[in-house]
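Good morning, and thank you for making time for this presentation. I shall go through the backbone, the helix packing and the internal spaces of one protein chain.

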Amino acid sequence: MSGEHRAHSDDVLAIGPKIRALPIIHGSGDCAIRVREELLAHPYDCLAIPLPPSFRDEVEEAVDALPSISVVLQRDAEGETGGFTYVPIDPCQPVIAAIRTAMGERIPRAFVDRESPRFEGRTGYYPDPYALKRVRVEGFAAAMLPSIPPPDPDGPEAARFAWMAAKLRELEQEHNSILFVCSLMDWPWVRDAYRRQDEAPQPEWFLPQMRTCRVDPQTLIFLLGELPFISGLYERGRRELTDDENLSVDGVKEMALAARERLSKDRPKVAHRITPQLLSVYIRYVRNLSLIEQRLTPDLYSLVIAAKQTAGDDFALAIGEVARAYPYAEVFDRGERPWWWDEPNLRMGDGRAEVPAWGTAALTSRLPGQAISWRSCELRPKPDEPDQKKWKQRWNPYGMCSWPPEDHRIESFQRHVAEQARAILGADLARSEKFTTSVRDGIDIRETLRNAHKGDLYVKVIPPSRGSIDAVVFLFDVPADPSVYVHRATWFAEHAEESTLAFFATDPMQNMIGPGIAQAEYGGALFLYPPRLIPDVWEDPRLDRLETLEERLLGGALLHSKERHVALVSPKPPPAAWRRLARRHGRKLIHLPIKRFSGQLLERLRTFHVLNGKHVRSYAADFIRDM
């Protein structure tokens with residue numbers, strides 16, 4: 001038949017000779033793409049929609065207002081205590097995508113579901129629809145058949161299926177090629193009712209009360225089937241005619257980049273730590289979590305947990321904030337706006353919503369999709385400004401101490417640096433000798449090649465290092481700005497395993513993160529181990545002639561070190577003035593470039609917390625975010 005598309009009898013999705021079903025999972029962007037492709041690939045002359053006719057005018061008007069998202073509400077016929085059923089006008093909702101495409105292609109639409117004074121939708125646990133990238137719709141639907149429970153023969157669902165089957169038979173009298181877009185849970189039973197030619201039940205007459213509302217953008221995550229950010233990417237692909245085939249996966253990568261960009265505006269130093277390598281680790285972590293949960297694409301919980309474990313709470317919070325952002329909430333491209341555009345927004349929740357001029361009411365979706373489960377994930381957000389101000393006012397300037405987990409971390413690192421410096425001392429005394437009976441400390445390849453014409457083999461001899469290192473200086477920021485690093489102090493060890501610490505840092509009072517908990521960042525730090533009592537480096541008159549913060553800290557190390565060598569970790573080698581200063585004290589600087597160590601590790605180490613008394617340690621873990 002020229003210009004027509006008929007359902008073949010051997011097609012598993014064929015309901016009748018003129019009707020082909022397209023089973024979908026409500027709320028899936030991948031299914032929405034398949035619906036669009038099906039409508040554009042075949043010359044259907046009718047689209048059957050699994051919604052009652054009472055929804056038609058409001059739904060099509062709201063679809064015409066896309067990409068702005070709204071809901072069409074129908075009041076339950078149960079008096080003042082009743083709730084609402086609703087249709088989410090979601091661009092990633094396959095039924096909405098079908099209506100939108102059919103309106104654009106001028107394909108007639110038929111709303112074939114049964115009117116019901118109270119609708120009871122059922123969600124389901126479906127396979128990940130991303131499988132449709134490799135599996136045909138027929139195979140996907142057939143594989144689900146054994147797990148789809150039959151309806152109660154005397155229940156409202158069986159009546160719905162018989163009603164829709166009867167409406168489809170009526171449509172066959174007027175159209176030659178019909179596409180019926182329906183839920184995967186409904187498809188086999190509508191097909192069964194059609195083939196058994198069940199008699200349509202009597203309609204339940206009631207007066208539908210319809211209403212359309214826009215949805216508060218902050219609550220879209222409770223309405224949309226996909227994450228609002230991913231829905232925005234699908235809409236962008238439609239508007240810009242770009243490929244949207246793999247957005248359910250590629251969108252995760254774009255979301256991670258958008259979260260890093262968001263952090264770069266608010267917390268640039270945190271964003272700097274999120275390197276391409278770390279993002280690669282994050283994506284692999286997300287993939288593994290998804291596979292553990294038997295999914296092909298991640299859910300929000302997996303995205304946030306992976307961000308928390310790889311880059312800390314700040315990145316996890318940024319992922320959560322970006323995921324719920326929909327960029328087209330205020331966009332309307334159709335000229336005159338509908339009457340409900342400027343009405344108060346509906347605030348969506350989990351199964352309930354704040355309906356304007358009504359109040360809180362129960363909501364049941366006419367297009368129920370994948371069943372959801374709620375899981376908790378503890379994240380520590382940045383505190384509000386009023387709380388920070390209150391904590392600052394209550395601060396006692398005479399009681400301060402450190403946070404022990406950070407002490408252990410940086411003490412371990414400074415001892416590692418001291419070992420590295422001692423290894424450099426030994427390397428300076430290394431020599432080569434001709435091989436006789438032992439390879440000593442390894443083959444000296446360079447010397448062996450240099451004497452290759454003699455045929456001799458040379459080995460390295462590294463004598464034991466002499467002396468030790470008891471002073472380690474870290475300079476993270478050179479040159480250090482005195483107006484930035486206004487907090488300068490000398491702290492003494494609480495026990496024998498801690499060092500005496502002198503440092504300059506940012507003002508902790510400018511970053512209160514909890515009651516009695518302030519956060520700062522080292523600009524430079526001096527560690528003396530074993531610990532000892534020394535005069536405050538910043539008040540010692542013997543160091544007054546040293547002008548810069550770096551020189552004063554280094555001068556304190558040279559003055560109080562008991563060993564001849566002092567380890568210095570800094571971005572650049574020490575200038576001649578610093579070396580002359582060391583010679584005047586009879587010391588020698590052992591320089592280790594700061595790039596020798598992981599930038600992410602250094603950023604984590606240089607961030608520390610000041611507690612307003614030891615009692616704060618009992619609850620500090622509830623406020624301190626691990627970097």
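A word on naming before the loops are discussed: helices and strands here are DSSP runs, with at least four residues for a helix and at least two for a strand, and they are numbered from the N terminus. Please also keep in mind that this is a predicted model.

I begin with the backbone. Most residues other than glycine have a negative phi, and most peptide bonds are trans. Against that background, three places deserve attention.

The loop that joins strand 14, residues 469-475, to strand 15, residues 487-491, contains P479. The bond leading into P479 from V478 is cis, and its omega is near -5°. A cis peptide bond is also found from Y529 to P530, here with omega near 5°. P530 sits in the loop between strand 18 and helix 16. The remaining place is R106, which is not a glycine and yet has a positive phi of about 60°. R106 belongs to the loop that runs between helix 3 and strand 6, the latter being residues 109-111.

I turn now to helix packing. Two packed helices are described by the angle between their axes and the distance between the axes.

Let us take helix 1 and helix 3. Their axes are 8 Å apart and the packing angle is about 30°. Angles under 35 degrees count as roughly parallel, and helix 1 and helix 3 are therefore roughly parallel to each other. Their crossing is right-handed. On the helix 1 side, the contact is formed by C31, A32, V35, R36, L39 and L40, and on the helix 3 side by P94, A97, A98, T101, A102 and E105. Sorted by class, this contact has 9 nonpolar residues, 1 polar residue and 2 charged residues.

The next pair is helix 5, residues 156-172, and helix 6, residues 187-196. The axes of helix 5 and helix 6 lie 8 Å apart, at an angle of about 60°. That angle makes helix 5 oblique to helix 6. The crossing is right-handed. Helix 5 contributes F161, A162, M164, A165, L168, R169 and E172, which meet W189, V190, A193 and Y194 of helix 6. In this contact 9 residues are nonpolar, none is polar and 2 are charged.

The last pair is helix 16, residues 549-560, with helix 17, residues 576-584. Here the axes come within 10 Å and cross at roughly 25°, which makes helix 16 roughly parallel to helix 17. Helix 16 and helix 17 also cross in a right-handed sense. From helix 16, the residues E550, E551, L554, G555 and L558 touch W578, L581 and A582 of helix 17. The classes in this contact are 5 nonpolar, 1 polar and 2 charged.

What of the internal spaces? How many cavities of 30 Å³ or more does the structure hold? There are 5. The largest cavity has a volume of about 160 Å³. It is lined by 13 residues, and A32, R36, P91, A97 and R238 are the closest to its centre. Two of the helices already discussed return here: helix 1 (29-41) and helix 3 (94-105), together with helix 7 (228-240), each supply at least two residues of this lining. Which element gives the largest share of the lining? That is helix 1, with 4 residues. The lining of the largest cavity divides into 6 nonpolar, 2 polar and 5 charged residues.

The second largest cavity encloses about 130 Å³. Of its 14 lining residues, F119, R160, S183, D186 and P368 are the closest to the centre. This lining has 5 nonpolar, 3 polar and 6 charged residues.

I finish with an open space, the second largest pocket, whose volume is about 650 Å³. Its lining comprises 31 residues, and R267, N511, I513, Q519 and R625 lie nearest the centre. Two or more lining residues come from each of helix 9 (268-273), helix 13 (385-393), strand 18 (517-528) and strand 21 (607-611). Helix 9 provides the largest share, 4 residues. By class, the lining of the second largest pocket has 11 nonpolar, 6 polar and 14 charged residues.

Thank you for your attention.

Terms used. Residues are numbered from 1 along each chain as its sequence is written. This is a predicted model: local features need pLDDT of at least 70, side-chain atom pairs count only at pLDDT 80 or more; totals for chains, interfaces and linings use all residues. Side-chain values use heavy atoms; hydrogens and water are left out. Axes are lines fitted to C-alpha atoms, for helices over the stretch in contact, and angles run from 0 to 180 degrees between N-to-C directions. Angles under 35 degrees count as roughly parallel, over 145 as roughly antiparallel, 65 to 115 as roughly perpendicular and the rest as oblique. A crossing is left-handed if the near helix is turned anticlockwise from the far one by less than a right angle, and right-handed if clockwise. Contact means heavy atoms within 4.5 Å. Ala, Val, Leu, Ile, Met, Phe, Trp, Tyr, Cys and Pro count as nonpolar, Asp, Glu, Lys and Arg as charged, and the others, Gly among them, as polar. On a 1 Å grid over the protein atoms alone, a cavity is a set of points where a 1.4 Å probe fits but cannot get out, and a pocket is an open set with protein on both sides within 12 Å along at least five of seven lines; lining residues have an atom within 4 Å of a point. Grid points are joined across faces, edges and corners, and a volume is the space filled by probe spheres set on the points.
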